[in-house]
Amino acid sequence: MKRIVYLLLLLPFTISAQFSVSSTTPASNELDVSVTSDISINFNQNVDAATLTNANISITGNNGIVLGFSAPIVTGTNAIFNPDRDFFPGEIITITITTDVENSSGTNLNKAFTFQFTAEVCLNSPGQFPLGENTISLATDGAISVTIADLDDDGDLDILSASSLDDRIAWYANDGTGKFGVQQTITTSADYAHRVTTADLDGDGDIDVISASSVDDRIAWYENDGLGNFGPQQTITTAANLAYNVIASDLDQDGDMDVISASAFDGLIAWYENDGLGNFGALQTITTAAPGARSVYIADLDNDGDIDVLSASSDDDRVAWYENDGSGNFGAQQTITTLADRAFSVKAADLDGDGDMDVIAACSSTSTARDWRITWYENLGSGTFGPQQTISINVFQARSVYTADLDGDGDLDVLSASSRDDRIAWYENDGSGSFGAQQTVTTNADGAWSIVAADLDGDGDMDLISGDYNGDRVAWYENAVHDDRTLATLGGTDLVLSPPFDPNVSSYTAAVCNSVLSTTINATVTNSGDTIGGTGLVNLNEGTNMITVSVTDQCGGTDDYTVEVTRVPLITQQITWSGSVSTDWNNPNNWTPNIVPLECLEIIIPETTNQPLISPGVINIKDLNINSGSNLEIPVGATLNVSDDLNMYSESDTYSGIIVKGVLSVSGKTKYHRYTNSQANGNDLIAPPLSGQSWTSFLTNDANHNEGLIYNNGANPVTTYLFGPFEKGATDDYILYNDNSSEFLISGKGYRSATNTVNGDALIFTGSIVTGAVNTTIINETTGGFPEWNLIGNPYPTYIDVNTFLNHVGSVSGVTNLSLLSDSTAAVYGYDGDDTDVSGSVWTYTNLVEGPTLIAPGQGFFVSSKYASSNIEFTPDMQIKGSSDDFIQGRTINNTDYIKLNAATSSKSYSTSFYFHNNGSQGLDKGYDAAVFGGALPSFSLYSHLVAENEGIPMVIQTLSSDDIGNVIVPLGLNVNNGEQVTISLGNYNIPDNVSVYLEDNVNNTFTRLDTTDYIFTTVTALNGTGRFYLHFTTESLLSTGEHNFKEFNIYTNQLGRTIIIEGNLTNKVDVVVFDILGREVLRQDLNHLVNKNIINANTLGSGVYVITIEDGNRQYSQKLILK
């Protein structure tokens, strides 16, 4: 016993301590580390300096190239390393010390050691993003992932993107100031690319690229030559079923970067060992218990000096982690939470400043609860986590989270991207894990899917980069305050900047007329600590002159303010809008030649895709000509001064428009050249688009232009012209003006007119643009041929919106314009002058469901008055840009079931319409039903009577309830002469697949299914009225359901027919649900259990990967399929 005691007492002195790392500076997980910091490592024993090499100690950052180092300074147990580049602001630095490091006795490090820290950002970082999005690319079809890295080794951060719908991995070179080059494609072979990340995989010191693509289940990498030129795709695995995410880290601590993947369909988190040269071993499973795995991340969660793995899986709402033993061997899944409803993104960071790594997750719920939120989980030490803590619930389908110090206070804030509300937002951390209210960066990120942060413009603060899936856009957002652009004023002698100076804008264009030969550029700065240069007298050459003013701000960033000054040659009289790059009036690239409009120039605005929008401020020009099909808007805060004339033009099928919300001053004349139909083609209904003109002035202005064009009776000396209003009273007919008429043309009143030319021509109206409301009296005399009908017109030189016009509440009437109209004819009745088209009528009927959406400038039309007298009101709020014809049928129908029913003989045709709408019923629905104009039917016509409350009124538009579509019978009327062969058919229609449309002829005792064939018959007597024909809308009978078997199904697609076919026995009522690759439910349908084959219409689904799930209670069957 004494001997045993002696040995135990001697043991501590006979076995020496193992060689290990005792501490580091910066410490593990330390925040706010200087970008120029050295790295100090303390060992517990003297270290052999010869083994402290780049091969044995790796220093990597998540932004820039690998950090090498020369010989460290070694003093006994301490080694100080000076990396060969500074850290990027906010960069996460990872140091791995391998077991190849030895002590002075030649003993290897007992266990490899890895630690991370985060670099500081500028102390003055504002945490504000007032300048909006800066588009980097719109050539990313389904931009789903973005990241940053210095790919070309030029010291700034470039951007990478993965886009799903074009299978593309691409990058964009940064010039160091946040200006990015064109898209450079790395590959288009990443089939439904889902994620892109970076790491040095082959040990050559530059940044390679890694992708995850879901259709081909592939994890792959692309070798960088150091200059941003990439080799072909090199496959790591194709066994990641629905590969969704990928990241790189040194999991086995051997000094090279391994790869970790998450795949959704097999619930797999796996890793692939790198041999250091970019050759990867077989798939090594970490877990298969992460169903719907969407995200994977790495961090040392238990503070044991190696890198552990995190996962987020959507199908089980789980965030979990897996402990690494330091050699790439992982323990069992350790659940952090199962309350992350459809967990979609996970990150780790020290949010509460206690030195360990907490966890952040995004929930992208698709359940009815829609538990969309950003959450975090406190690490209580050694990888034990506290309960869920909510940062925000104001994120509609959160897709991505990220952390960065956005406000320069030394702690990590949280960012989110959410796709349903197109929102990029951030949440300020107080340093203890308490977060402020959501701060929205933008809600214009269409389908926001990915968000990261980095210093893109070299000013020391963290900017944001987003990938917008629906908008196909990669964009960035500068971290700045409103006075961060530190130039306070910028100007020049004899020139005006375009746009007017704004401290948030860094590039300007100015132009001077030819007489200005030089200018003095002057500027001041906002902050006393800033410096400025580049001002003074500048001589101007004819053409373009570039002048740059530079300002260096307090974070060390430099902003260049460029003034492009153009001297206009004397021979230049006109410039023409091209809209080549945007709608910005002040961008010279939108004009031909490339100068901003000057007060000495005549401006022409033709029809273009990008129509001009004047910026706030004062603009002076000489003449303004707006061509047919083009529009100009003068917004609030903008003033346009025209020193000569303003002319607006139109053609038979397109009109120009000007919307004045700001100030328009025209020193000369304002004219609208309003196309008018010819008398030979059936006349026209028009209205003055300008105010204040008399009939005499209208007739004789412009060298008697209108007098020579308007159709007349040819009498001498008093000539009567085909021009005048619709007179109420005894005549209920049109008035004809003559040479002696003294009337003024009234805004809001309609006039019939026609030209004496073959194809019509433009009549010239001269006057003032109406910028306020116009009230027009309408009356119902109860007697006469057309007692309720009134000819009115659009008083503005721009289009107005029909729905806004009908639903407008008048300031005089106090009710909507629609409510002032007769119940059965509450619509706009436009005259198209042609009864030979498919409608069979000279009238175009427009209400809340049918007809044109716009009323052209100066367009006349009829409305019917419900009351003896009331006031229809036009207001500027109705104005809208457009370029369409005056009254052409064919409104686009959205989300409404409808049919167009046609009847035709060999020489005539007629149509009537039926809609199924939530605001419809079987009775009269004001604004949704419309009767024939004047109640008079042509000799050949097709119409309906109301299903309920039928008073014998012939309807050309009838709207029923959405619930009626499967079970309603509508009486039809047909007027046709004896001996005519008549074809009744469906024109355009949009009805559910299970609804059939039958025409009943109770004389011939037939039912004809019109959605499959036409009904043709020959009249033996003239038909006039209703009673013979009925239209049936019906569904097939519902069948009973029974049990079904989930074991044998054959599910496949018919690509040509765009259908999904399900074959197999069903004995119960079964639901089939289709999810897209992003986990969103896109289609749900009941299956017919009485048939062996069910066919699902997939016409509404785009190309891509889908998961189809058949559900019955708690049982379900799922399968992946592709629509091409």
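**Notebook: strands, a patch and a ring pair**

I began with Asp32 and found this residue in strand β2 (strands are DSSP runs of E with at least two residues, numbered from the N terminus). The model is predicted, so I took local features only at pLDDT of at least 70 and side-chain atom pairs only at pLDDT 80 or more, while totals for chains, interfaces and linings use all residues. Residues are numbered from 1 along each chain as its sequence is written, and side-chain values use heavy atoms, with hydrogens and water left out.

I then looked up the backbone of Asp32, where phi is near 60°, a positive value in a residue other than glycine. Pro26 lies in the loop between β1 (21-25) and β2 (30-33), and I noted that the peptide bond from Thr25 to Pro26 is cis, with omega near 0°. I found a second cis bond from Thr592 to Pro593, with omega near -5°, and placed Pro593 in the loop between β46 (591-592) and β47 (602-605).

Next I turned to the sheet with the order β57-β61-β58, which is open, has three strands and shows antiparallel pairing (two strands pair if DSSP finds at least two bridges between them). β57 (684-686) and β58 (723-724) stand at the edges with a single partner strand each, so one side of each is left without a neighbour in the sheet. I saw that β58 and β61 (residues 751-753) are joined over two bridges, and that Phe723 has Ser753 in β61 as its bridge partner.

How values were computed: Helices (H or I, at least four residues) and strands (E, at least two) are DSSP runs, numbered from the N terminus.
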